[in-house]
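Work through the exercises below with the sequence and the 3D view open. Try each task before reading its solution.

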Amino acid sequence: MLESFGQQALINMLVHLAFFAVTFWALQALNFEKFLRANRVMQARLLYILLSIAIGSVVSNFFLDYLSWSLQLQHFFQ
């Protein structure tokens with residue numbers, strides 16, 4: 001029982017990290033320089049990281065919820 005909780009925790013962590021990375025990569029396609037003040041490089045990087053975490057966690061939560069629901073469907077047909 002505890003073994004499956006550990007596996008689920010590891011999968012959740014890896015999925016979150018993967019979606020953070022994908023979101024960070026996707027955000028680099030946008031040109032944020034028009035919206036940022038000059039000489040605010042550290043703040044711009046922090047904004048990229050925070051946006052990546054925010055968007056990535058929403059997408060990864062959706063993915064993990066959908067995965068969980070699809071695994072629970074087998075109980076519907078028993």
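The exercises go from the whole chain to single residues, and the model they use is a predicted one.

**Exercise 1. The overall form**

Task: State how many helices and strands the protein has, and decide whether the protein is a compact globule or more spread out than one.

Solution.
- Step 1. Count the elements: the secondary structure consists of two helices and zero strands.
- Step 2. Compare the radius of gyration with the globule rule. The protein has a value of 18 Å, while the rule gives 12 Å for 78 residues; the protein is therefore more spread out than a compact globule.
- Step 3. Look at the extents. The C-alpha trace spans about 60 × 25 × 15 Å along the principal axes of the protein.
- Step 4. Turn to burial and surface. Of the 78 residues, 14% count as buried. The accessible surface is about 6,800 Å², and carbon and sulfur atoms hold 70% of that area.

**Exercise 2. Contacts across the sequence**

Task: Find what share of the contacts with a separation of 6 or more joins residues 24 or more positions apart, then look up two pairs as examples of distance in sequence and space.

Solution.
- Step 1. The share is 78%.
- Step 2. Take L27 and Y48. They are 21 residues apart in sequence, and their C-alpha atoms are 7.4 Å apart.
- Step 3. Take V15 and S57. Here the separation in sequence is 42 residues, and the C-alpha distance is 9.3 Å.

**Exercise 3. Residues between the helices**

Task: For T23, S52, L27 and V15, give the helix of each and say whether each is buried or exposed, using under 20% relative accessible area as the cut-off for buried. Then list contacts, leaving out residues up to four places away in sequence.

Solution.
- Step 1. T23 belongs to helix α1, which covers residues 2-27. Its relative accessible area is 9%, so T23 is buried. Its contacts are L51, S52, I55 and G56.
- Step 2. S52 is part of helix α2. With a relative accessible area of 3%, S52 is buried. S52 touches F20, T23, F24, L27 and S57. In addition, the side chain of S52 reaches the backbone oxygen of Y48 at 2.7 Å.
- Step 3. L27 sits in helix α1. Its value is 8%, and L27 is therefore buried. L27 touches F32, Y48, L51, S52 and I55.
- Step 4. V15 is also in helix α1. V15 has 13% relative accessibility and so counts as buried. It touches S60, F63 and L64.
- Step 5. Put the lists together. S52 appears among the contacts of T23 and among those of L27, so S52 in helix α2 links to two residues that lie in helix α1 and are buried by the cut-off of under 20%.

**Exercise 4. The loop**

Task: Locate N39, describe its phi angle, and say whether N39 is buried or exposed.

Solution.
- Step 1. N39 is found in the loop between α1 and α2.
- Step 2. The phi angle of N39 is near 60°, a positive value in a residue other than glycine.
- Step 3. The relative accessible area of N39 is 77%, so N39 is exposed.

**Exercise 5. A nonpolar patch**

Task: Which residues make the nonpolar surface patch, and is L71 buried or exposed?

Solution.
- Step 1. The patch is made by F62, F63, Y66, L67, W69 and L71, and has an area of about 680 Å².
- Step 2. L71 lies in helix α2, which covers residues 41-76.
- Step 3. L71 has 54% relative accessibility and therefore counts as exposed.
- Step 4. Connect this to Exercise 3: F63, one of the patch residues, is also among the residues that V15 touches.

Definitions and conventions. Residues numbered from 1 in each chain as written. Predicted model: local features only at pLDDT ≥ 70, side-chain atom pairs only at ≥ 80, totals over all residues. Heavy atoms only, no water. Patch = residues over 30% accessible without salt bridge, like charges linked within 9 Å, V, L, I, M, F, W, Y side chains within 5 Å. Areas by Shrake-Rupley, 256 points an atom, 1.4 Å probe, with all protein chains shown as cover. Salt bridge = Lys/Arg side-chain N within 4 Å of Asp/Glu carboxyl O. Helix = DSSP H or I, 4+ residues; strand = E, 2+ residues; numbered from the N terminus. Buried < 20%, exposed > 50% of the residue type's maximum accessible area, 1.4 Å probe, protein only. Rg over C-alpha atoms; globule rule 2.2 N^0.38 Å. Contact = heavy atoms within 4.5 Å. Polar contact = N/O pair within 3.5 Å; in protein donor to acceptor, adjacent residues only side chain to side chain.
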